[in-house]
Amino acid sequence: MSSQKIQAIRGMNDILPTQTPIWQHIETTIRQVLHSYAYQEIRLPLLEATELFNRTIGEVTDIVEKEMFSFTDRNGDRLSLRPEGTAGCVRAGIEQGLFYNQIQRLWYMGPMFRHERPQKGRYRQFHQIGAEAYGLAGPDIDAEIILMTARFWRQLGLNDLELQINSLGTAAARAAYREHLVNYFSDHHKQLDADSQRRLHTNPLRILDSKNPDMQTLIEGAPQLLEHLDEPSQTHFAMLKQLLDQAGVNYRVNPRLVRGLDYYNRTVFEWVTQKLGAQGTVCAGGRYDTLVEQIGGRATPAIGFAMGIERLVLLLDAEMPNNAPHIYLITVGDEGMQQGFRLAETLRDAIPKLRLLTHCGGGRFKSQFKRADKSGAKIALVLGEDEVAKQQVTVKYLREKQPQLSLAQSDLVHYLKENFFSDS
RNA sequence: GUGGGCGUAGCUCAGCUGGUAGAGCUCCGGAUUGUGGUUCCGGUGGUCGUGGGUUCAAGCCCCAUCGCUCACCCCA
C-alpha cells in the first residue's frame, strides 16, 4: 500500500454487500418489535452544539476533551458529531415541546461517533438502535423496556445473552454510598493498582468494574450499593424484579454494575455476551430522571437504552439471509438483448417480489451460465437466436435436477407465478 | 494516551542461515462453436506498507514512519 493512497478514516468501516443483508435483517427485525410496543421513530441530526454534550457528560473531562469529534465551524460555533443518541433526543423533546405533560415512547437508529482507539466491536463510527420512554417514573415502564429488549433477542435467535440488572438509587443515596466506598478503598490504599488510585478521586464507583485480577478480592469485600439504597428505590427495584420474574425473563443482579456518568439513577441494565472479547455489552440502558432538567427542560422522568448494531452483526454473522436473485436472464445477440429487456420489465411489473438479475456485458453462453451459477440464482432464463425467432424463452433449473423447458414468452409470467410466487 | 501482534497478488497465506517473488482461491481463455456447478490445461495479476541504512547481494538484518489488529485506559 502506498502511503499516498486515500483510505477510510481510522475506525470508520465500509459495510460491504456481503454484510448488508445481515444489517438489513437486524434493522427490520428490531424495527418490527419496536412497532409492536407502539414506540415511534424520531430522526435527529448527526451534528449538535458541543455545549449539549458538555451539559450531559461534561463532568467527565476525558470524554469531552478527547473522545468526541468536535470542531469549530465557519461561524465560530463549536459543533460535535453525536457520540450517543440520548442527548439529542432530550434536546429535541424540550425544543419541540414533546415532554410537556406528555408520555413519549421513542426510538431512533443511526450512526454515532466516538474518537477512541478502535478494537473488536468498538469503532469510531458505529451504529446504534435506541429507545427512550419519557414521563413515566415507575418500575412498570422499566420492565416494559427490558421485556422489549428480551424480545429483540428472541426474534433474532440470540439465546446466549445474559441480562444483568442493578439499582443505583437516588443521587443522594449514591453520594452517601460513594463516601463509604472511598473510605473503604482509602483504608486499603496500598492494595489499589495505579488506575484505581486515580479512580478513587475521579470515579470511585468505577473501581468496582476493574478488570485487574489482583483487585478482585478487595472489590469483593467492598460495601455494596444495594445495601445503601434509599427506601423508595428499594421498592422500585423490588417491583421491577417481580415484573421480570412474572414475565419469565432471567436476570442476574450484579451489584457492581455501575455507570461512568452521574445522571443515571435507579434501574440500570445490560445484556452481555462472552463471545465478543473485551466489548461484551450488546445493549445497555438505564433510568435518567434528572437529565431533562439538566439540559434545561422541566423535570421529566426517563428511561432508555441503546444497542450496538456492529456487535449484533458479529454475533449473527453466520446466519445470513439469502438475497440471491431468483432468476438470471441470459441473452445473446442484439435481438435477444432487446427482447430480454422487454421481458425482464414485464416480469418485474407482474411479480414485484421477484429478484431478477439481467445479464449485461455480452459474452457467450458458457460465460453467461457461469455468472448465472455464481449469482446464486435458482433459474436461468435463456433468450438465444432460436428463442428470439420463435418468441420463446428457455427455463433452466440451476439447483435441481429438472429438465429444461421452452415456453412462449407470453406464458412465462403465468408459469413463474404458478410455480414460485403463487401468493403474489 | 499506553502495550502486544501483524503488513508479501483482488482475497487467504507460504517464503529456510540474506542469494533472481511463490501457492490456493478469484478473474480471463481453452479442452466443450447454445448450457453453469466437478475435472484438466494455459494466462492476467507484485515498487514485498513507505522512507532511509548495512551488505557484492535485503521480503528476510538495523533505524524511522504510516497503517491494520487485539488489549489497557475510558465508556455516553
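**Note on a predicted model: a small-sheet region, a cavity and a pocket**

1. Arg 114 lies in the loop that connects β5 (104-113) with β6 (125-134). The structure discussed here is a predicted model. Arg 114 also appears in the UniProt record, an unreviewed entry, under "binding site". The other positions listed there are Glu 84, Gly 85, Thr 86, Gln 128, Glu 132, Arg 259, Tyr 263 and Tyr 264.

2. Which residues of this set also line the largest cavity? They are Glu 84 and Gly 85. The remaining lining of that cavity comprises Leu 44, Pro 45, Glu 48, Phe 53, Arg 82 and Gly 88.

3. The structure holds one cavity of 30 Å³ or more, and the largest cavity has a volume of about 40 Å³. When its lining is sorted by class, three residues are nonpolar, two are polar and three are charged. As background for the student, rolling a probe the size of a water molecule over the atoms reveals where empty space remains.

4. A sheet should be considered next. Three strands make up an open sheet, arranged in the order β2-β4-β3, and their pairing is antiparallel. Its edge strands, β2 (47-49) and β3 (70-72), each pair on one side only. On average, neighbouring strands of this sheet are turned by 35° against each other, direction ignored.

5. How many bridges join β2 to β4? There are three, and β4 covers residues 78-81. The two strands run antiparallel, and Leu 47 stands opposite Leu 81 in β4. Helix α2 (residues 50-57) packs on the sheet and touches β2, β3 and β4. The direction of this helix makes about 70° with that of β2.

6. The sheet region and the cavity may be read together. Glu 48, a lining residue of the largest cavity, falls within the range of β2 (47-49). Phe 53, another lining residue, falls within the range of helix α2 (residues 50-57).

7. The second largest pocket has a volume of about 230 Å³. Its lining consists of Ala 150, Trp 153, Arg 154, Leu 158, Asn 159, Leu 161, Gly 248, Val 249, Asn 250 and Trp 271. Which helix gives the most to this lining? Helix α5 (residues 139-156) does, with three residues.

8. By class, the lining of the second largest pocket has six nonpolar residues, three polar residues and one charged residue. Arg 154 is among the residues of that lining.

Note on methods
Residues are numbered from 1 along each chain as its sequence is written. Chains are lettered from A and ligands numbered from 1 in the order in which they are written. This is a predicted model: local features need pLDDT of at least 70, side-chain atom pairs count only at pLDDT 80 or more; totals for chains, interfaces and linings use all residues. Side-chain values use heavy atoms; hydrogens and water are left out. Two strands pair if DSSP finds at least two bridges between them. Helices (H or I, at least four residues) and strands (E, at least two) are DSSP runs, numbered from the N terminus. Axes are lines fitted to C-alpha atoms, for helices over the stretch in contact, and angles run from 0 to 180 degrees between N-to-C directions. Contact means heavy atoms within 4.5 Å. On a 1 Å grid over the protein atoms alone, a cavity is a set of points where a 1.4 Å probe fits but cannot get out, and a pocket is an open set with protein on both sides within 12 Å along at least five of seven lines; lining residues have an atom within 4 Å of a point. Grid points are joined across faces, edges and corners, and a volume is the space filled by probe spheres set on the points. Ala, Val, Leu, Ile, Met, Phe, Trp, Tyr, Cys and Pro count as nonpolar, Asp, Glu, Lys and Arg as charged, and the others, Gly among them, as polar. UniProt positions are given in the numbering used here, feature names are shortened, and annotations may be inferred rather than shown by experiment.
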